[in-house]
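Please look over the chain shown here, first as a whole and then at one of its hairpins. The report below follows that order.

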Amino acid sequence: EHKYRHLFNSLGDAAFLIELESGRVVDANQQAENLLGRPRAEILGRDHGSFFPPDKAGEFRVRVVGHGAGAAAGFEAEVETAARQRVPVHVSAAPLTLLGRTFVVCLFRDITQFKTLHEELLRAQRLESVGALASGITHDLNNALTPILFATELLRVQPGGPNEQRLLDTMGRSAARAAQIVRQLLTFVR
């Protein structure tokens with residue numbers, strides 16, 4: 001009993017011992033209290049499904065108790081704290097037989113920080129993709145504008161009527177503006 005208690009309370013994750021037949025929590029460690037924001041007395045005796053958000057309780061209840069007859073398994077879930085906050089967790093569940101009774105040992109690892117870092121990585125990857133796309137677009141635009149700018153300058157040195165000169169000026173200004181946009185995009189990408 002002493003060794004079990006020491007081991008159970010020394011675990012770095014929230015640990016629950018659930019009676020398979022009733023689905024009730026018969027033991028929980030200090031980390032379980034911290035994760036749920038509830039004292040041990042409020043945790044013991046409760047149906048383990050009550051710690052999950054109401055819209056997910058049935059699904060997770062089946063997944064946890066379903067491992068009582070089979071091999072150990074893990075899955076992601078959310079628990080609901082006493083303050084009604086949802087905390088993402090990774091649940092590891094394994095069957096355990098003690099004194100002829102079957103239990104499920106569940107370890108809940110808070111993965112909030114992992115999820116936050118993962119979202120930041122995805123955001124950075126999206127920004128990198130946008131940068132690569134912008135770079136490709138600016139190069140394509142630059143390639144299309146270069147001959148227009150060059151041709152506009154060549155046509156200016158050849159004599160032409162006043163209407164042609166106005167059209168050339170308009171083309172030149174528009175192409176120069178587009179080239180400025182390309183430079184701004186390139187600056188953004190770098």
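## Elements along the chain

Helices, of at least four residues, and strands, of at least two, are taken as DSSP runs and numbered from the N terminus. In this predicted model, the protein holds 6 helices and 5 strands, and from the N terminus on these elements follow the order α-β-β-α-α-α-β-β-β-α-α. The radius of gyration of the protein is 32 Å, well over the 16 Å that the globule rule gives for 190 residues, so the protein is more spread out than a compact globule.

## Extent and burial

Taken along the principal axes, the box filled by the C-alpha atoms of the protein is roughly 105 × 30 × 30 Å. Of the 190 residues, 30% count as buried, where buried means under 20% relative accessible area. Among contacts between residues at least 6 apart in sequence, 41% join residues that lie at least 24 apart.

## Surface and charge

The protein has an accessible surface of about 12000 Å², and carbon and sulfur atoms account for 59% of that surface. Its charged side chains comprise 22 positive and 21 negative ones, with the centres of the two sets 3 Å apart.

## The hairpin of β1 and β2

Strand β1, which covers residues 14-19, runs antiparallel to strand β2, which covers residues 25-28, and 3 bridges join the two. Within this pairing, Leu17 has Asp27 of β2 as its bridge partner. The hairpin has 5 residues between the strands, and in this hairpin Gly23 takes a positive phi near 75 degrees.

Conventions:
Residues are numbered from 1 along each chain as its sequence is written. This is a predicted model: local features need pLDDT of at least 70, side-chain atom pairs count only at pLDDT 80 or more; totals for chains, interfaces and linings use all residues. Side-chain values use heavy atoms; hydrogens and water are left out. The radius of gyration is taken over C-alpha atoms; the globule rule is 2.2 Å times the number of residues to the power 0.38. Buried means under 20% relative accessible area, exposed over 50%, partly exposed in between (1.4 Å probe, protein chains only). Contact means heavy atoms within 4.5 Å. Accessible areas come from the Shrake-Rupley method with a 1.4 Å probe; for residues, only the protein chains shown count as cover. Lys and Arg count as positive and Asp and Glu as negative; His and the chain ends are not counted. The place of a charge is taken as NZ of Lys, CZ of Arg, CG of Asp or CD of Glu. Two strands pair if DSSP finds at least two bridges between them.
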